[in-house]
Amino acid sequence: MLRHSPGCSGTARGAAHPRGFLFSPLHLPIRCSGHTRSVSFDTTEQRDPAGCVHHYPRPLAAGRKWLHKVFPRCVSGLGLSLHLQTFSKDCMVARSKETMTTDEATKSEGEVQAAALAERGEDITPSKDRGVLKIIKRPGSEGESPMIGDKVYVHYKGKLANGKKFDSSRDRNEPFIFSLGKGQVIKAWDIGVATMKKGEICYLLCKPEYAYGSAGSAPKIPSNATLFFEVELLDFKGEDLFEDGGIIRRIKRKGEGYSNPNEGATVEIHLEGFCGGRRFDCKDVKFVVGEGEDHDIPIGIDKALEKMQRGEHCILYLSPRYGFGEAGKPKYGIQGNTELVYEVTLKSFEKAKESWEMDTKEKLEQAAVVKEKGTMYFKEGKYLQAVIQYGKIVSWLEMEYGLSEKESKASESFLLAAFLNLAMCYLKLREYAKAVECCDKALGLDQDNEKGLYRRGEARLLMNEFELAKCDFQKVLEVNPQNKAAKSQISVCQKKTKEHNERDRRIYANMFTKFAERDAKEAASKTGVEKPAEKATCEKGPKTSGAEGEEAEGHV
(Lines give C-alpha, C1' and ligand atoms only; values in the text may rest on other atoms or scores of the structure.)
Protein backbone atom coordinates (compact mmCIF):
# COMPACT_ATOMS: atom_id res chain seq x y z
CA MET A 1 0.00 0.00 0.00
CA LEU A 2 1.34 3.44 -0.87
CA ARG A 3 1.89 5.38 2.33
CA HIS A 4 2.91 8.96 3.02
CA SER A 5 4.86 10.71 5.78
CA PRO A 6 3.04 13.93 6.78
CA GLY A 7 5.34 16.92 6.85
CA CYS A 8 8.06 15.41 4.64
CA SER A 9 9.19 17.31 1.55
CA GLY A 10 11.10 15.98 -1.44
CA THR A 11 14.85 16.16 -1.66
CA ALA A 12 17.50 14.76 -3.96
CA ARG A 13 17.76 10.94 -4.26
CA GLY A 14 19.44 9.43 -1.24
CA ALA A 15 19.40 12.67 0.80
CA ALA A 16 18.88 12.32 4.53
CA HIS A 17 15.75 13.73 6.17
CA PRO A 18 15.84 15.08 9.76
CA ARG A 19 13.53 12.26 10.79
CA GLY A 20 16.01 9.67 9.58
CA PHE A 21 14.28 8.66 6.34
CA LEU A 22 15.89 8.57 2.88
CA PHE A 23 14.24 10.06 -0.21
CA SER A 24 14.37 8.74 -3.75
CA PRO A 25 12.24 9.46 -6.84
CA LEU A 26 9.37 7.10 -7.77
CA HIS A 27 8.22 7.06 -11.39
CA LEU A 28 4.58 6.15 -12.00
CA PRO A 29 2.82 5.89 -15.37
CA ILE A 30 -0.61 7.59 -14.90
CA ARG A 31 -3.40 6.42 -17.19
CA CYS A 32 -6.61 8.43 -17.59
CA SER A 33 -9.12 8.57 -20.45
CA GLY A 34 -6.74 6.70 -22.76
CA HIS A 35 -3.79 9.00 -22.07
CA THR A 36 -0.64 7.91 -20.23
CA ARG A 37 2.05 10.18 -18.82
CA SER A 38 5.12 9.37 -16.74
CA VAL A 39 4.99 11.21 -13.41
CA SER A 40 7.73 11.46 -10.76
CA PHE A 41 6.91 11.51 -7.04
CA ASP A 42 9.38 12.07 -4.20
CA THR A 43 9.42 8.99 -1.93
CA THR A 44 10.98 7.82 1.30
CA GLU A 45 12.92 4.57 1.71
CA GLN A 46 12.61 2.51 4.88
CA ARG A 47 13.73 -1.05 5.71
CA ASP A 48 11.47 -3.46 7.64
CA PRO A 49 12.71 -6.17 10.11
CA ALA A 50 13.10 -8.65 7.24
CA GLY A 51 15.46 -6.24 5.49
CA CYS A 52 13.07 -5.36 2.66
CA VAL A 53 12.99 -1.78 1.37
CA HIS A 54 9.64 0.11 1.29
CA HIS A 55 9.08 3.25 -0.82
CA TYR A 56 6.49 5.76 0.44
CA PRO A 57 5.28 8.64 -1.86
CA ARG A 58 4.89 12.24 -0.70
CA PRO A 59 1.45 13.20 0.70
CA LEU A 60 -1.35 12.01 -1.57
CA ALA A 61 -3.17 15.36 -1.33
CA ALA A 62 -0.16 17.15 -2.81
CA GLY A 63 -0.03 14.57 -5.60
CA ARG A 64 -3.70 15.19 -6.42
CA LYS A 65 -3.16 18.93 -6.76
CA TRP A 66 -0.37 18.30 -9.26
CA LEU A 67 -2.41 15.71 -11.16
CA HIS A 68 -5.28 18.18 -11.56
CA LYS A 69 -2.92 20.26 -13.67
CA VAL A 70 -1.89 17.28 -15.81
CA PHE A 71 -5.32 15.64 -16.18
CA PRO A 72 -7.88 18.30 -15.21
CA ARG A 73 -10.85 16.32 -16.57
CA CYS A 74 -10.56 13.02 -14.79
CA VAL A 75 -8.58 13.28 -11.55
CA SER A 76 -11.61 14.15 -9.41
CA GLY A 77 -12.79 10.49 -9.32
CA LEU A 78 -11.14 7.31 -8.08
CA GLY A 79 -10.48 5.86 -11.52
CA LEU A 80 -6.71 6.24 -11.52
CA SER A 81 -4.44 3.28 -12.15
CA LEU A 82 -0.98 3.74 -10.64
CA HIS A 83 1.61 1.17 -11.72
CA LEU A 84 5.02 0.94 -10.13
CA GLN A 85 7.65 1.14 -12.87
CA THR A 86 11.20 1.45 -11.51
CA PHE A 87 12.23 -0.38 -8.32
CA SER A 88 15.34 -2.11 -7.06
CA LYS A 89 15.10 -5.94 -6.89
CA ASP A 90 15.08 -6.16 -3.09
CA CYS A 91 12.29 -3.61 -2.39
CA MET A 92 8.73 -4.39 -1.30
CA VAL A 93 6.04 -3.16 -3.70
CA ALA A 94 3.74 -0.64 -2.03
CA ARG A 95 0.25 -0.02 -3.33
CA SER A 96 -2.57 2.49 -2.71
CA LYS A 97 -6.07 1.48 -1.56
CA GLU A 98 -7.46 4.20 -3.79
CA THR A 99 -5.62 2.70 -6.81
CA MET A 100 -5.90 -1.11 -6.98
CA THR A 101 -2.83 -3.25 -7.67
CA THR A 102 -1.87 -5.08 -10.86
CA ASP A 103 -0.58 -8.62 -11.41
CA GLU A 104 2.85 -7.11 -12.08
CA ALA A 105 2.93 -5.52 -8.62
CA THR A 106 1.86 -8.80 -6.99
CA LYS A 107 4.54 -10.69 -8.86
CA SER A 108 7.17 -8.16 -7.84
CA GLU A 109 6.10 -8.38 -4.19
CA GLY A 110 6.45 -12.16 -4.20
CA GLU A 111 9.85 -11.99 -5.84
CA VAL A 112 11.01 -9.43 -3.29
CA GLN A 113 9.86 -11.54 -0.31
CA ALA A 114 11.51 -14.63 -1.78
CA ALA A 115 14.70 -12.68 -2.45
CA ALA A 116 14.77 -11.33 1.13
CA LEU A 117 14.30 -14.81 2.58
CA ALA A 118 16.87 -16.31 0.24
CA GLU A 119 19.40 -13.67 1.29
CA ARG A 120 18.74 -13.44 5.02
CA GLY A 121 16.81 -16.62 5.92
CA GLU A 122 18.21 -19.27 8.24
CA ASP A 123 18.74 -22.71 6.70
CA ILE A 124 16.82 -25.11 8.96
CA THR A 125 17.16 -28.29 6.89
CA PRO A 126 19.04 -31.20 8.52
CA SER A 127 21.31 -31.50 5.45
CA LYS A 128 21.86 -27.73 5.22
CA ASP A 129 20.96 -27.64 1.51
CA ARG A 130 18.94 -24.40 1.87
CA GLY A 131 15.76 -26.22 0.94
CA VAL A 132 13.82 -24.54 3.78
CA LEU A 133 14.74 -21.02 4.87
CA LYS A 134 13.21 -19.27 7.87
CA ILE A 135 12.92 -15.70 9.18
CA ILE A 136 11.17 -15.04 12.52
CA LYS A 137 8.61 -12.24 12.20
CA ARG A 138 7.45 -12.37 15.83
CA PRO A 139 9.25 -14.42 18.52
CA GLY A 140 7.19 -16.86 20.54
CA SER A 141 7.10 -17.55 24.26
CA GLU A 142 10.00 -19.10 26.11
CA GLY A 143 9.83 -22.86 26.47
CA GLU A 144 10.01 -26.00 24.41
CA SER A 145 9.13 -26.52 20.77
CA PRO A 146 6.69 -29.16 19.50
CA MET A 147 8.02 -32.71 19.20
CA ILE A 148 7.37 -35.49 16.71
CA GLY A 149 3.82 -36.78 17.01
CA ASP A 150 2.52 -33.65 18.76
CA LYS A 151 -0.81 -32.29 17.59
CA VAL A 152 -0.11 -28.73 16.45
CA TYR A 153 -2.52 -25.85 15.78
CA VAL A 154 -1.41 -23.21 13.25
CA HIS A 155 -2.63 -20.32 11.13
CA TYR A 156 -0.94 -19.80 7.79
CA LYS A 157 -0.95 -17.96 4.48
CA GLY A 158 0.62 -19.61 1.43
CA LYS A 159 1.88 -17.81 -1.68
CA LEU A 160 3.63 -18.77 -4.86
CA ALA A 161 6.98 -17.20 -5.78
CA ASN A 162 5.12 -14.59 -7.85
CA GLY A 163 3.22 -13.43 -4.76
CA LYS A 164 -0.12 -15.02 -5.69
CA LYS A 165 -1.91 -16.40 -2.63
CA PHE A 166 -3.08 -19.98 -3.07
CA ASP A 167 -4.36 -20.80 0.44
CA SER A 168 -5.00 -19.24 3.86
CA SER A 169 -6.44 -20.66 7.06
CA ARG A 170 -7.21 -17.10 8.18
CA ASP A 171 -9.57 -16.67 5.23
CA ARG A 172 -11.46 -19.71 6.56
CA ASN A 173 -11.21 -18.34 10.12
CA GLU A 174 -10.25 -21.82 11.26
CA PRO A 175 -6.85 -23.08 12.53
CA PHE A 176 -5.18 -25.92 10.68
CA ILE A 177 -4.43 -28.99 12.83
CA PHE A 178 -2.00 -31.81 12.05
CA SER A 179 0.36 -34.28 13.74
CA LEU A 180 3.97 -33.18 13.45
CA GLY A 181 6.51 -35.46 11.79
CA LYS A 182 3.92 -37.97 10.56
CA GLY A 183 4.00 -37.01 6.88
CA GLN A 184 0.55 -35.38 7.02
CA VAL A 185 1.90 -32.12 5.53
CA ILE A 186 4.72 -31.14 3.16
CA LYS A 187 8.23 -31.89 4.35
CA ALA A 188 9.09 -28.20 4.79
CA TRP A 189 6.29 -27.84 7.37
CA ASP A 190 7.42 -30.85 9.41
CA ILE A 191 10.89 -29.28 9.52
CA GLY A 192 9.86 -25.65 10.00
CA VAL A 193 7.10 -26.00 12.61
CA ALA A 194 9.38 -28.21 14.75
CA THR A 195 11.69 -25.17 15.19
CA MET A 196 8.94 -22.81 16.38
CA LYS A 197 7.79 -21.69 19.82
CA LYS A 198 4.22 -21.19 20.93
CA GLY A 199 2.94 -17.83 19.65
CA GLU A 200 5.75 -17.44 17.11
CA ILE A 201 5.11 -16.11 13.60
CA CYS A 202 7.69 -16.88 10.93
CA TYR A 203 8.27 -16.86 7.18
CA LEU A 204 9.25 -20.08 5.41
CA LEU A 205 10.67 -20.28 1.89
CA CYS A 206 10.31 -23.85 0.62
CA LYS A 207 12.04 -25.28 -2.43
CA PRO A 208 10.04 -27.72 -4.59
CA GLU A 209 11.78 -30.82 -3.20
CA TYR A 210 10.50 -29.84 0.28
CA ALA A 211 7.04 -28.90 -1.01
CA TYR A 212 5.03 -30.51 -3.83
CA GLY A 213 7.95 -31.36 -6.14
CA SER A 214 7.50 -31.96 -9.83
CA ALA A 215 3.91 -33.18 -9.35
CA GLY A 216 2.66 -29.89 -7.92
CA SER A 217 -0.88 -29.72 -6.55
CA ALA A 218 -3.32 -28.83 -9.29
CA PRO A 219 -4.95 -26.48 -9.94
CA LYS A 220 -3.33 -23.91 -7.63
CA ILE A 221 0.29 -25.05 -7.32
CA PRO A 222 2.27 -25.76 -10.50
CA SER A 223 5.07 -28.28 -10.76
CA ASN A 224 8.48 -27.43 -9.28
CA ALA A 225 7.01 -24.44 -7.44
CA THR A 226 8.92 -22.62 -4.71
CA LEU A 227 6.45 -21.68 -1.98
CA PHE A 228 6.36 -18.85 0.55
CA PHE A 229 4.47 -19.29 3.86
CA GLU A 230 3.68 -17.11 6.84
CA VAL A 231 3.00 -19.49 9.76
CA GLU A 232 1.79 -18.77 13.30
CA LEU A 233 2.07 -21.56 15.91
CA LEU A 234 -1.02 -21.21 18.09
CA ASP A 235 -0.63 -24.26 20.32
CA PHE A 236 0.60 -27.86 20.50
CA LYS A 237 0.10 -30.88 22.73
CA GLY A 238 1.35 -34.44 23.00
CA GLU A 239 -0.07 -37.46 21.18
CA ASP A 240 -2.92 -39.19 23.02
CA LEU A 241 -2.09 -42.83 22.29
CA PHE A 242 -5.44 -44.37 23.20
CA GLU A 243 -7.78 -41.37 22.89
CA ASP A 244 -8.65 -41.49 26.61
CA GLY A 245 -6.05 -39.09 27.99
CA GLY A 246 -4.36 -41.93 29.88
CA ILE A 247 -1.05 -42.06 27.99
CA ILE A 248 0.40 -38.96 26.31
CA ARG A 249 3.52 -39.49 24.20
CA ARG A 250 6.07 -36.93 23.02
CA ILE A 251 8.82 -38.29 20.76
CA LYS A 252 12.29 -36.83 21.30
CA ARG A 253 13.96 -39.09 18.72
CA LYS A 254 12.12 -40.96 16.00
CA GLY A 255 12.69 -44.70 15.71
CA GLU A 256 13.69 -46.76 12.70
CA GLY A 257 11.55 -48.81 10.35
CA TYR A 258 7.83 -49.51 10.57
CA SER A 259 7.71 -52.53 12.88
CA ASN A 260 6.42 -52.36 16.46
CA PRO A 261 6.58 -54.83 19.35
CA ASN A 262 3.41 -56.85 19.72
CA GLU A 263 1.77 -58.27 22.81
CA GLY A 264 4.11 -60.92 24.20
CA ALA A 265 7.19 -59.52 22.42
CA THR A 266 10.49 -59.58 24.29
CA VAL A 267 11.81 -56.02 24.56
CA GLU A 268 14.99 -54.42 25.86
CA ILE A 269 14.57 -50.84 27.04
CA HIS A 270 16.20 -48.09 29.06
CA LEU A 271 13.82 -46.14 31.27
CA GLU A 272 13.80 -43.34 33.80
CA GLY A 273 10.76 -42.71 36.01
CA PHE A 274 9.81 -39.35 37.54
CA CYS A 275 7.17 -38.37 40.07
CA GLY A 276 6.69 -34.72 40.95
CA GLY A 277 10.11 -33.89 39.49
CA ARG A 278 11.83 -36.60 41.55
CA ARG A 279 13.52 -39.46 39.72
CA PHE A 280 12.55 -42.72 41.39
CA ASP A 281 13.73 -45.30 38.84
CA CYS A 282 16.50 -45.63 36.25
CA LYS A 283 17.45 -48.95 34.67
CA ASP A 284 18.01 -51.10 31.62
CA VAL A 285 15.58 -54.00 31.61
CA LYS A 286 14.52 -56.87 29.39
CA PHE A 287 10.99 -58.27 29.73
CA VAL A 288 7.90 -59.52 27.89
CA VAL A 289 5.34 -56.91 26.83
CA GLY A 290 2.31 -57.37 29.07
CA GLU A 291 4.38 -58.61 32.00
CA GLY A 292 6.22 -55.40 32.93
CA GLU A 293 4.66 -55.47 36.38
CA ASP A 294 7.00 -58.35 37.22
CA HIS A 295 9.82 -55.78 36.93
CA ASP A 296 7.95 -52.93 38.73
CA ILE A 297 7.06 -51.34 35.39
CA PRO A 298 3.53 -49.87 35.14
CA ILE A 299 1.05 -51.14 32.56
CA GLY A 300 1.21 -47.84 30.64
CA ILE A 301 4.76 -48.65 29.53
CA ASP A 302 3.62 -52.04 28.17
CA LYS A 303 0.82 -50.34 26.25
CA ALA A 304 3.05 -47.58 24.87
CA LEU A 305 5.76 -50.03 23.72
CA GLU A 306 3.30 -51.51 21.22
CA LYS A 307 3.27 -48.09 19.49
CA MET A 308 7.04 -47.54 19.48
CA GLN A 309 9.74 -48.28 16.91
CA ARG A 310 13.24 -49.59 17.39
CA GLY A 311 15.57 -46.82 18.62
CA GLU A 312 12.73 -44.47 19.56
CA HIS A 313 13.26 -42.19 22.55
CA CYS A 314 10.10 -40.68 23.97
CA ILE A 315 8.51 -39.08 27.03
CA LEU A 316 5.36 -40.75 28.40
CA TYR A 317 2.87 -39.03 30.70
CA LEU A 318 0.83 -41.68 32.55
CA SER A 319 -2.46 -41.13 34.37
CA PRO A 320 -2.94 -43.14 37.62
CA ARG A 321 -4.96 -45.73 35.71
CA TYR A 322 -1.92 -46.56 33.55
CA GLY A 323 0.56 -45.95 36.37
CA PHE A 324 0.50 -47.69 39.73
CA GLY A 325 -3.22 -47.15 40.26
CA GLU A 326 -4.92 -46.75 43.62
CA ALA A 327 -2.35 -48.91 45.42
CA GLY A 328 0.66 -46.79 44.42
CA LYS A 329 4.17 -48.19 44.76
CA PRO A 330 5.54 -48.06 48.33
CA LYS A 331 8.84 -49.43 47.06
CA TYR A 332 9.42 -46.15 45.21
CA GLY A 333 7.61 -43.95 47.71
CA ILE A 334 4.72 -43.35 45.31
CA GLN A 335 1.22 -42.92 46.74
CA GLY A 336 -1.97 -44.09 45.09
CA ASN A 337 -3.61 -42.19 42.22
CA THR A 338 -0.37 -40.43 41.27
CA GLU A 339 0.54 -39.26 37.79
CA LEU A 340 3.93 -40.41 36.48
CA VAL A 341 6.40 -39.35 33.79
CA TYR A 342 8.76 -41.79 32.08
CA GLU A 343 11.52 -41.36 29.53
CA VAL A 344 11.81 -44.58 27.55
CA THR A 345 14.23 -45.74 24.85
CA LEU A 346 13.37 -48.92 22.96
CA LYS A 347 16.77 -50.47 22.31
CA SER A 348 15.65 -53.72 20.67
CA PHE A 349 12.77 -56.20 20.52
CA GLU A 350 11.82 -59.62 19.24
CA LYS A 351 8.20 -60.02 18.21
CA ALA A 352 6.09 -62.81 19.66
CA LYS A 353 4.52 -65.31 17.31
CA GLU A 354 1.28 -64.16 15.78
CA SER A 355 -1.78 -66.38 16.02
CA TRP A 356 -1.47 -67.55 12.42
CA GLU A 357 2.12 -68.66 13.07
CA MET A 358 1.09 -71.10 15.83
CA ASP A 359 -0.52 -74.52 15.41
CA THR A 360 -3.47 -75.62 17.53
CA LYS A 361 -1.38 -77.67 19.91
CA GLU A 362 0.92 -74.73 20.64
CA LYS A 363 -2.03 -72.41 21.16
CA LEU A 364 -3.63 -74.74 23.70
CA GLU A 365 -0.35 -75.13 25.57
CA GLN A 366 0.20 -71.38 25.71
CA ALA A 367 -3.44 -70.80 26.71
CA ALA A 368 -2.86 -72.83 29.88
CA VAL A 369 0.25 -70.76 30.70
CA VAL A 370 -1.32 -67.33 30.22
CA LYS A 371 -4.48 -68.39 32.07
CA GLU A 372 -2.43 -69.09 35.19
CA LYS A 373 -0.52 -65.84 34.79
CA GLY A 374 -3.78 -63.91 34.37
CA THR A 375 -5.21 -65.47 37.52
CA MET A 376 -2.08 -64.49 39.44
CA TYR A 377 -2.40 -60.87 38.30
CA PHE A 378 -6.11 -60.85 39.17
CA LYS A 379 -5.47 -62.04 42.71
CA GLU A 380 -2.89 -59.27 43.12
CA GLY A 381 -5.44 -56.68 42.00
CA LYS A 382 -3.57 -55.99 38.74
CA TYR A 383 -6.65 -56.14 36.55
CA LEU A 384 -5.25 -54.48 33.42
CA GLN A 385 -2.40 -56.97 33.35
CA ALA A 386 -4.89 -59.80 33.84
CA VAL A 387 -6.95 -58.52 30.90
CA ILE A 388 -3.88 -58.75 28.67
CA GLN A 389 -3.29 -62.40 29.60
CA TYR A 390 -6.90 -63.52 29.21
CA GLY A 391 -7.14 -61.56 25.97
CA LYS A 392 -4.36 -63.68 24.48
CA ILE A 393 -6.49 -66.80 24.87
CA VAL A 394 -9.35 -65.14 22.98
CA SER A 395 -7.07 -63.93 20.17
CA TRP A 396 -5.60 -67.42 19.75
CA LEU A 397 -8.68 -69.63 19.97
CA GLU A 398 -11.83 -67.63 19.16
CA MET A 399 -11.47 -68.02 15.38
CA GLU A 400 -9.82 -71.46 15.41
CA TYR A 401 -11.55 -73.97 13.12
CA GLY A 402 -11.07 -77.56 11.97
CA LEU A 403 -10.29 -78.90 15.45
CA SER A 404 -10.61 -82.46 16.57
CA GLU A 405 -13.28 -83.29 19.15
CA LYS A 406 -10.74 -83.28 21.96
CA GLU A 407 -9.16 -80.02 20.82
CA SER A 408 -12.58 -78.44 20.37
CA LYS A 409 -13.59 -79.25 23.96
CA ALA A 410 -10.29 -77.91 25.33
CA SER A 411 -10.62 -74.76 23.22
CA GLU A 412 -14.18 -74.08 24.42
CA SER A 413 -13.13 -74.63 28.01
CA PHE A 414 -10.29 -72.08 27.72
CA LEU A 415 -12.51 -69.58 25.90
CA LEU A 416 -15.33 -69.89 28.45
CA ALA A 417 -12.91 -69.32 31.33
CA ALA A 418 -11.28 -66.41 29.51
CA PHE A 419 -14.60 -64.62 28.82
CA LEU A 420 -15.83 -65.12 32.39
CA ASN A 421 -12.56 -63.89 33.87
CA LEU A 422 -12.47 -60.93 31.50
CA ALA A 423 -16.00 -60.03 32.62
CA MET A 424 -14.85 -60.10 36.23
CA CYS A 425 -11.84 -57.89 35.41
CA TYR A 426 -14.02 -55.35 33.63
CA LEU A 427 -16.39 -55.25 36.58
CA LYS A 428 -13.42 -54.37 38.80
CA LEU A 429 -12.28 -51.77 36.26
CA ARG A 430 -15.85 -50.34 36.12
CA GLU A 431 -16.12 -50.95 32.41
CA TYR A 432 -19.58 -52.45 32.63
CA ALA A 433 -20.46 -52.48 28.93
CA LYS A 434 -17.36 -54.58 28.19
CA ALA A 435 -18.32 -56.88 31.06
CA VAL A 436 -21.76 -57.43 29.51
CA GLU A 437 -20.15 -58.13 26.12
CA CYS A 438 -17.83 -60.79 27.59
CA CYS A 439 -20.74 -62.42 29.46
CA ASP A 440 -22.75 -62.55 26.23
CA LYS A 441 -19.89 -64.43 24.56
CA ALA A 442 -19.56 -66.79 27.51
CA LEU A 443 -23.31 -67.49 27.42
CA GLY A 444 -23.01 -68.11 23.68
CA LEU A 445 -20.78 -71.05 24.61
CA ASP A 446 -22.91 -72.12 27.60
CA GLN A 447 -26.34 -70.47 27.77
CA ASP A 448 -27.05 -71.68 31.32
CA ASN A 449 -23.69 -70.75 32.78
CA GLU A 450 -24.39 -69.54 36.30
CA LYS A 451 -21.33 -67.24 36.54
CA GLY A 452 -22.05 -65.70 33.16
CA LEU A 453 -25.66 -64.89 34.06
CA TYR A 454 -24.77 -63.58 37.50
CA ARG A 455 -21.93 -61.33 36.28
CA ARG A 456 -24.04 -59.94 33.46
CA GLY A 457 -26.75 -59.19 36.03
CA GLU A 458 -24.17 -57.37 38.19
CA ALA A 459 -22.97 -55.28 35.26
CA ARG A 460 -26.52 -54.38 34.21
CA LEU A 461 -27.44 -53.46 37.77
CA LEU A 462 -24.47 -51.09 37.91
CA MET A 463 -25.58 -49.63 34.56
CA ASN A 464 -29.03 -48.92 36.12
CA GLU A 465 -30.70 -51.45 33.81
CA PHE A 466 -32.71 -52.84 36.73
CA GLU A 467 -35.29 -54.93 34.86
CA LEU A 468 -32.66 -56.64 32.67
CA ALA A 469 -30.51 -57.30 35.73
CA LYS A 470 -33.50 -58.77 37.56
CA CYS A 471 -34.15 -61.13 34.62
CA ASP A 472 -30.53 -62.35 34.75
CA PHE A 473 -30.70 -63.04 38.49
CA GLN A 474 -34.00 -64.88 38.05
CA LYS A 475 -32.35 -67.08 35.40
CA VAL A 476 -29.56 -67.78 37.89
CA LEU A 477 -32.17 -69.09 40.33
CA GLU A 478 -33.64 -71.27 37.60
CA VAL A 479 -30.19 -72.81 37.14
CA ASN A 480 -29.42 -72.94 40.86
CA PRO A 481 -32.38 -72.27 43.23
CA GLN A 482 -29.97 -72.26 46.19
CA ASN A 483 -28.02 -69.23 45.00
CA LYS A 484 -28.56 -66.81 47.90
CA ALA A 485 -26.58 -64.00 46.25
CA ALA A 486 -28.97 -64.00 43.27
CA LYS A 487 -32.01 -63.80 45.62
CA SER A 488 -30.42 -60.86 47.40
CA GLN A 489 -29.69 -59.12 44.13
CA ILE A 490 -33.32 -59.50 42.99
CA SER A 491 -34.38 -57.63 46.14
CA VAL A 492 -31.79 -54.95 45.36
CA CYS A 493 -33.15 -54.61 41.81
CA GLN A 494 -36.71 -54.22 43.10
CA LYS A 495 -35.62 -51.61 45.63
CA LYS A 496 -33.57 -49.72 43.05
CA THR A 497 -36.47 -49.80 40.57
CA LYS A 498 -38.81 -48.34 43.19
CA GLU A 499 -36.30 -45.63 44.14
CA HIS A 500 -35.74 -44.82 40.51
CA ASN A 501 -39.47 -44.50 39.82
CA GLU A 502 -39.97 -42.33 42.91
CA ARG A 503 -37.13 -40.08 41.82
CA ASP A 504 -38.62 -39.78 38.34
CA ARG A 505 -42.01 -38.97 39.85
CA ARG A 506 -40.52 -36.19 41.94
CA ILE A 507 -38.57 -34.81 39.02
CA TYR A 508 -41.60 -34.71 36.75
CA ALA A 509 -43.85 -33.40 39.54
CA ASN A 510 -41.43 -30.54 40.19
CA MET A 511 -41.20 -29.94 36.48
CA PHE A 512 -45.00 -29.72 36.06
CA THR A 513 -45.26 -27.54 39.19
CA LYS A 514 -42.74 -25.12 37.75
CA PHE A 515 -44.62 -25.07 34.45
CA ALA A 516 -47.89 -24.36 36.29
CA GLU A 517 -46.28 -21.58 38.35
CA ARG A 518 -44.80 -20.03 35.24
CA ASP A 519 -48.17 -20.15 33.45
CA ALA A 520 -49.86 -18.59 36.49
CA LYS A 521 -47.32 -15.77 36.58
CA GLU A 522 -47.77 -15.12 32.87
CA ALA A 523 -51.55 -15.06 33.30
CA ALA A 524 -51.26 -12.74 36.30
CA SER A 525 -48.96 -10.37 34.42
CA LYS A 526 -51.42 -10.24 31.52
CA THR A 527 -54.31 -9.56 33.92
CA GLY A 528 -52.27 -6.82 35.60
CA VAL A 529 -51.80 -5.11 32.25
CA GLU A 530 -55.47 -5.40 31.31
CA LYS A 531 -56.89 -4.04 34.62
CA PRO A 532 -55.45 -0.47 34.36
CA ALA A 533 -56.77 -0.27 30.83
CA GLU A 534 -60.23 -1.31 32.02
CA LYS A 535 -60.08 1.18 34.91
CA ALA A 536 -59.24 4.01 32.55
CA THR A 537 -62.13 3.01 30.33
CA CYS A 538 -64.49 2.98 33.31
CA GLU A 539 -63.43 6.44 34.42
CA LYS A 540 -63.70 7.95 30.96
CA GLY A 541 -66.43 5.81 29.46
CA PRO A 542 -67.30 5.47 25.77
CA LYS A 543 -69.20 8.24 24.03
CA THR A 544 -72.64 7.45 22.57
CA SER A 545 -73.53 8.37 19.07
CA GLY A 546 -76.98 9.70 20.11
CA ALA A 547 -75.94 12.24 22.75
CA GLU A 548 -72.90 14.09 21.53
CA GLY A 549 -70.61 15.16 24.37
CA GLU A 550 -72.44 13.02 26.99
CA GLU A 551 -70.81 9.98 28.60
CA ALA A 552 -72.53 6.58 28.88
CA GLU A 553 -73.41 5.35 32.32
CA GLY A 554 -73.25 1.93 33.90
CA HIS A 555 -69.95 0.73 32.36
CA VAL A 556 -68.11 -1.85 34.40
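Student: Which residue forms a salt bridge with E343?

Tutor: The model is a predicted one. A salt bridge needs a side-chain nitrogen of Lys or Arg within 4 Å of a carboxyl oxygen of Asp or Glu. Here the closest N and O atoms are 3.9 Å apart, so the pair qualifies, and the partner of E343 is K252.

Student: How many residues apart in sequence are the parts that E343 and K252 tie together?

Tutor: E343 belongs to strand β18, whereas K252 belongs to strand β14 (residues 247–253). Because the two residues sit in these two strands, their salt bridge ties together parts whose separation in sequence is 91 residues.

Student: Is E343 buried, partly exposed or exposed?

Tutor: A residue is buried under 20% relative accessible area and exposed over 50%. E343 has a relative accessible area of 22%, and K252 has 44%. Because the value for E343 lies between the two limits, its class is partly exposed.

Student: Which strand do nine bridges join to strand β18 (residues 340–350)?

Tutor: The two strands run antiparallel. Within this pairing, I269 has L346 of β18 as its bridge partner. The strand joined to β18 by the nine bridges spans residues 266–275 and is β15.

Student: Which are the edge strands of the open sheet formed by six strands?

Tutor: The order in this sheet is β13-β14-β17-β18-β15-β16, with antiparallel pairing. Each edge strand pairs on one side only. That description fits β13 (239–240) and β16 (278–288).

Student: Which residue forms a salt bridge with R138?

Tutor: The closest N and O atoms of this pair are 3.1 Å apart. R138 lies in strand β7 and its partner in strand β12, so the pair ties together parts that are 94 residues apart in sequence. The partner is E232.

Student: Does E232 count as buried or exposed?

Tutor: R138 has 38% relative accessibility and counts as partly exposed. E232 has 14% relative accessibility. Because buried means under 20%, E232 counts as buried.

Student: How many of the 11 residues of strand β12 are buried?

Tutor: Strand β12 comprises residues 227–237 and is mostly covered. Strand β8 (residues 151–160) pairs with β12 in the antiparallel sense over 10 bridges. Strand β11 (residues 201–206) also pairs with β12 in the antiparallel sense, over six bridges. Among the residues of β12, the number buried is eight.

Student: Which residue in β12 is the bridge partner of C202?

Tutor: The strands β11 and β12 pair in the antiparallel sense. The partner of C202 is a residue that Y156 also stands opposite. That residue is V231.

Student: Which residue forms a salt bridge with E200?

Tutor: The closest N and O atoms are 2.9 Å apart. E200 lies in the loop between α4 (187–193) and β11, and its partner lies in strand β7 (residues 132–138), so parts 66 residues apart in sequence are tied together. E200 is buried at 2% relative accessibility, and its partner is buried at 6%. The partner is K134.

Student: How many salt bridges does the count come to?

Tutor: The pair of E200 and K134 is a salt bridge. Other salt bridges share partners and join E293, D296, K329, K331, E380 and K382 into one network. The count of salt bridges comes to 32.

Student: How many of the 15 residues of α7 are buried?

Tutor: α7 reaches 21 Å from its first C-alpha to its last, close to the 21 Å expected at 1.5 Å a residue. The buried residues include L384, I388 and W396. What covers them includes α5 (299–305), α6 (360–379) and α8. The helix is mostly covered, and the number of its residues that are buried is 12.

Student: Where does E400 lie?

Tutor: E400 has a relative accessible area of 18% and is buried, because the limit for that class is under 20%. The position of E400 is the loop between α7 (383–397) and α8 (405–428).

Student: With which residues is E400 in contact, leaving aside its neighbours within four places in sequence?

Tutor: One side-chain polar contact of E400 has a distance of 2.7 Å and involves T360. Another has a distance of 2.6 Å and involves K363. With the sequence neighbours left aside, the residues in contact with E400 are T360 and K363.

Methods: Residues numbered from 1 in each chain as written. Predicted model: local features only at pLDDT ≥ 70, side-chain atom pairs only at ≥ 80, totals over all residues. Heavy atoms only, no water. Helix = DSSP H or I, 4+ residues; strand = E, 2+ residues; numbered from the N terminus. Buried < 20%, exposed > 50% of the residue type's maximum accessible area, 1.4 Å probe, protein only. Polar contact = N/O pair within 3.5 Å; in protein donor to acceptor, adjacent residues only side chain to side chain. Contact = heavy atoms within 4.5 Å. Pairing = 2+ DSSP bridges. Expected span 1.5 Å × (residues − 1).
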